[in-house]
Amino acid sequence: MLNVVIFGAPGSGKGTQSELIEKKYGLVHLSTGDILRAEIARGTDIGKLADGLISKGQFIPDDLMIDILNGQIDQYPTAKGFIFDGFPRTVPQADALDSMLKRRNIRVSIMLNIDVDTNELVKRLINRGKTSGRSDDNLQTIHQRIQVYETKTLPVIQFYDRQHKHHRIQGTGTMEEVFERICKEIDSVIS
Ligand code: AMP
């Protein structure tokens, strides 16, 4: 089974690259951001909680996020593998993902860290905000999201470094160029 963690700051291209990986390698793409936005659209209790936090650039509590992801994995018993997009975003989430997968006798195969500098991230997110309709793609929330990323999410890199699973991907260039770099790293762990 091939299980990919796609990692990077907001605006680094995780979602776009996940879709390309999903198609090429036949994996199930689990995006926690998409899952939460679907809850908001359905007006569920989780959605109501997530709505306020997302628009302020804050994280959903770890326990809740872990429960949601665990439930999602169960929905795909025949998956060839998963792409975890937007999860883990904290070290406790990374720990929980390891436990969740271990219980199912599987593990994270590779963590791809898409690296893009902060000025470029802000530019991309402001641009995306013109069409995305996302409540968090505005200048104030963008800065907040990047700050939360730096304090809570960056330590996740060391977590996967210690497991020798962290692969840095240069995230600038065209979508195709970035995808090519990603495929090279994935192919190096499956061959
Ligand atoms: P994304 O679409 O991945 O940029 O996620 C949008 C927002 O959803 C984030 O800024 C967080 O508020 C929330 N979110 C998504 N994934 C997580 C997670 N793993 N832990 C906590 N909050 C999350």
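In this predicted model, the buried residues of helix α4 are covered by several other elements, and these include β2 (28-31), α2 (32-42), α3, β3 (82-85) and α5 (91-103). The residues tucked away in this manner are M65, I66, I68, L69, N70, Q72 and I73. The helix itself runs over residues 62-74, and its length works out as it should: at 1.5 Å a residue, its 13 residues are expected to span 18 Å, and the end C-alpha atoms sit 19 Å apart, so the two values agree.

One of the elements over α4 is α3, a helix of residues 45-55 that holds G47. With a relative accessible area of 2%, G47 counts as buried, because anything under 20% falls in that class. Setting aside residues up to four places away in sequence, G47 touches E39 and I40. A look further along the chain takes the reader to D161, 114 residues away from G47, and here the C-alpha atoms are separated by 33 Å.

Next comes the largest pocket, which holds about 770 Å³ of space. Its lining is made up of 40 residues, and those nearest its centre are K14, R37, R89, R134 and R145. Elements that put two or more residues into this lining are β1 (4-8), α1 (14-25), β2, α2, α6 (118-132) and α7 (139-153). Of the contributors, α2 gives the most, with five residues. As for character, the lining of the largest pocket splits into 14 nonpolar, 15 polar and eleven charged residues.

Helix α1, one of the elements in that list, also carries I21. I21 is as hidden as the numbers allow it to be called: its relative accessible area is 0%, so it is buried. Its contacts, leaving out residues up to four places away in sequence, are I6, G26, L27, I83, L112, F179, I182 and I186. Q163, by comparison, lies 142 residues from I21 in sequence and 22 Å from it in space, C-alpha to C-alpha.

Strand β2 is where H29 is found. H29 is buried too, at a relative accessible area of 17%, because the cut-off for that label is under 20%. The side chain of H29 makes a polar contact with the side chain of D85, at 2.8 Å. Beyond its neighbours within four places in sequence, H29 is in contact with G15, S18, E19, E22, I83 and D85. I83 thus turns up among the contacts of H29 and also among those of I21.

Some backbone details deserve a mention as well. F87 and P88 are joined by a cis peptide bond, with omega at about 0°, and P88 sits in the loop between β3 and α5. Further on, N105 shows a positive phi of about 60° even though it is not a glycine. N105 belongs to the loop between α5 and β4 (110-115), and its relative accessible area of 74% makes it exposed, the label for values over 50%. H164 has a positive phi as well, near 60°, and is likewise a residue other than glycine. This one is in the loop between α8 (155-162) and β5 (166-170), and at 71% relative accessibility H164 is counted as exposed.

Just after that loop, strand β5 holds H166. H166 is partly exposed at 21% relative accessibility, because buried would need a value under 20% and exposed one over 50%. Two polar contacts involve its side chain: the side chain of H166 pairs with that of N113 at 3.1 Å, and with that of D161 at 3.2 Å. When residues up to four places away in sequence are left out, H166 touches M111, N113, I157, Y160 and D161. L64, on the other hand, is 102 residues from H166 along the chain, with 26 Å between their C-alpha atoms.

Conventions
Residues are numbered from 1 along each chain as its sequence is written. This is a predicted model: local features need pLDDT of at least 70, side-chain atom pairs count only at pLDDT 80 or more; totals for chains, interfaces and linings use all residues. Side-chain values use heavy atoms; hydrogens and water are left out. Helices (H or I, at least four residues) and strands (E, at least two) are DSSP runs, numbered from the N terminus. Buried means under 20% relative accessible area, exposed over 50%, partly exposed in between (1.4 Å probe, protein chains only). Contact means heavy atoms within 4.5 Å. The expected span of a helix is 1.5 Å times one less than its number of residues. On a 1 Å grid over the protein atoms alone, a cavity is a set of points where a 1.4 Å probe fits but cannot get out, and a pocket is an open set with protein on both sides within 12 Å along at least five of seven lines; lining residues have an atom within 4 Å of a point. Grid points are joined across faces, edges and corners, and a volume is the space filled by probe spheres set on the points. Ala, Val, Leu, Ile, Met, Phe, Trp, Tyr, Cys and Pro count as nonpolar, Asp, Glu, Lys and Arg as charged, and the others, Gly among them, as polar. A polar contact is a pair of N or O atoms within 3.5 Å; within protein, one must be able to donate a hydrogen and the other to accept it, and residues adjacent in sequence count only if both atoms are side-chain atoms.
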